[in-house]
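Thanks, everyone. I have one structure for today and a handful of local features to walk through. Let me put it up.

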Amino acid sequence: MLGGMMAGHDESAGELVERDGKVYKTFYGMSSDTAMKKHHGSVAEYRSSEGKTTELPYRGPIKATVLDLLGGIRSACTYVGAATLKEVSKRTTFIRVTQQLNQVFSTHEVAKSHDMPSQAADPGSGLPAAKRAK
């Protein structure tokens, strides 16, 4: 489930593509039509492709991304008071959450909803009205 996070780096598979002065790397999920054709010859009759092929901005070596992940894990352990990963499950309650939209790989525009008057942002402050000092 980390494929998209690891994609676009030197160490990941995919072709480098240059367009309009920017460099991209192709990415496809293992349930995509591209992967099935590449690894199995075609999409089996009883299956349908679920993933898609896309281009992501080239991200260079993966080291910085791995260090970011490790930093996030360290922070999470600090927040819950766990000295080791093994302690995390003893100090937390896990709640299943499902993501409604993957904005990284989505080609669909998300319609912006109108803010409620109490939540409207002041263009100068960057904060919702309810959070600004009066």
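I'll begin in helix 4, residues 85-91, where Glu 87 and Arg 91 sit four residues apart and are therefore separated by about one helical turn. Those two side chains form a salt bridge, with the closest N and O atoms 3.0 Å apart. Before going on, please keep in mind that this is a predicted model.

How exposed are the two partners? Glu 87 has a relative accessibility of 22% and counts as partly exposed. Arg 91 has a relative accessible area of 47%, and that is partly exposed too. The cut-offs matter for both: buried means under 20%, and exposed means over 50%. With 22%, Glu 87 is therefore not in the buried class. Arg 91, with 47%, is not in the exposed class, because that class begins over 50%.

How many salt bridges does the structure hold? There are two. The other pair is Arg 19 with Glu 55, where the side chains meet at 2.7 Å, N to O. This pair links distant parts of the chain, since Arg 19 belongs to strand 1, residues 16-19, and Glu 55 to strand 3, residues 53-57, with their positions 36 residues apart in sequence. On accessibility, Arg 19 is at 38% and counts as partly exposed. Glu 55 is at 29%, again partly exposed.

That brings me to the sheet. It is an open sheet of three strands, in the order 1-2-3, with antiparallel pairing. Which strands are at the edges? Strand 1 and strand 3, each of which pairs on one side only. From one strand to the next, the twist averages 40°. So the Arg 19 to Glu 55 salt bridge joins a residue of strand 1 to a residue of strand 3, and these are the two edge strands.

Now the pairing of strand 1 with strand 2. The two run antiparallel and are joined by four bridges. One of the pairs is Arg 19 with Lys 22 of strand 2. Another is Val 17 with Tyr 24, also in strand 2. Strands 1 and 2 make a hairpin with two residues between them, and in the turn Asp 20 has a positive phi of about 55°.

Staying in strand 2, I'd like to spend some time on Lys 25. Is its side chain buried or exposed? Lys 25 has a relative accessible area of 6%, so this lysine is buried. What does the side chain reach? A polar atom of the Lys 25 side chain lies 2.6 Å from the backbone oxygen of His 9. The side chain also reaches the backbone oxygen of Ser 12, at 2.7 Å. For the backbone positions, the C-alpha atoms of Lys 25 and Ser 12 are 9.0 Å apart, with the two residues 13 apart along the chain. Leaving aside neighbours within four places in sequence, the residues in contact with Lys 25 include Gly 8, His 9, Asp 10, Ser 12, Leu 16, Leu 56 and Tyr 58. Glu 55, the salt-bridge partner of Arg 19, is also in contact with Lys 25.

Next along the chain is Thr 26, again in strand 2, which spans residues 22-28. A polar atom of the Thr 26 side chain lies 2.9 Å from the backbone nitrogen of Glu 15. Not counting residues up to four places away, Thr 26 touches Ala 13, Gly 14, Glu 15, Val 17, Thr 54 and Glu 55. Glu 55 therefore appears in the contacts of Lys 25 and of Thr 26.

Two more residues, both in helices. Gly 3 has its place in helix 1, residues 3-6. Gly 3 is partly exposed, with a relative accessible area of 38%. Its C-alpha atom is separated by 8.8 Å from that of Phe 27, 24 residues away along the chain.

The last one is Thr 65, in helix 3, residues 63-80. At 10% relative accessibility, Thr 65 counts as buried. What is Thr 65 in contact with, once neighbours within four places are left aside? Met 5, His 9 and Arg 59. His 9 came up earlier, as the residue whose backbone oxygen lies 2.6 Å from a polar side-chain atom of Lys 25.

That is what I have. I'll take questions now.

Key: Residues numbered from 1 in each chain as written. Predicted model: local features only at pLDDT ≥ 70, side-chain atom pairs only at ≥ 80, totals over all residues. Heavy atoms only, no water. Salt bridge = Lys/Arg side-chain N within 4 Å of Asp/Glu carboxyl O. Buried < 20%, exposed > 50% of the residue type's maximum accessible area, 1.4 Å probe, protein only. Polar contact = N/O pair within 3.5 Å; in protein donor to acceptor, adjacent residues only side chain to side chain. Contact = heavy atoms within 4.5 Å. Pairing = 2+ DSSP bridges. Axes fitted to C-alpha atoms, helices over the stretch in contact; angles between N-to-C directions.
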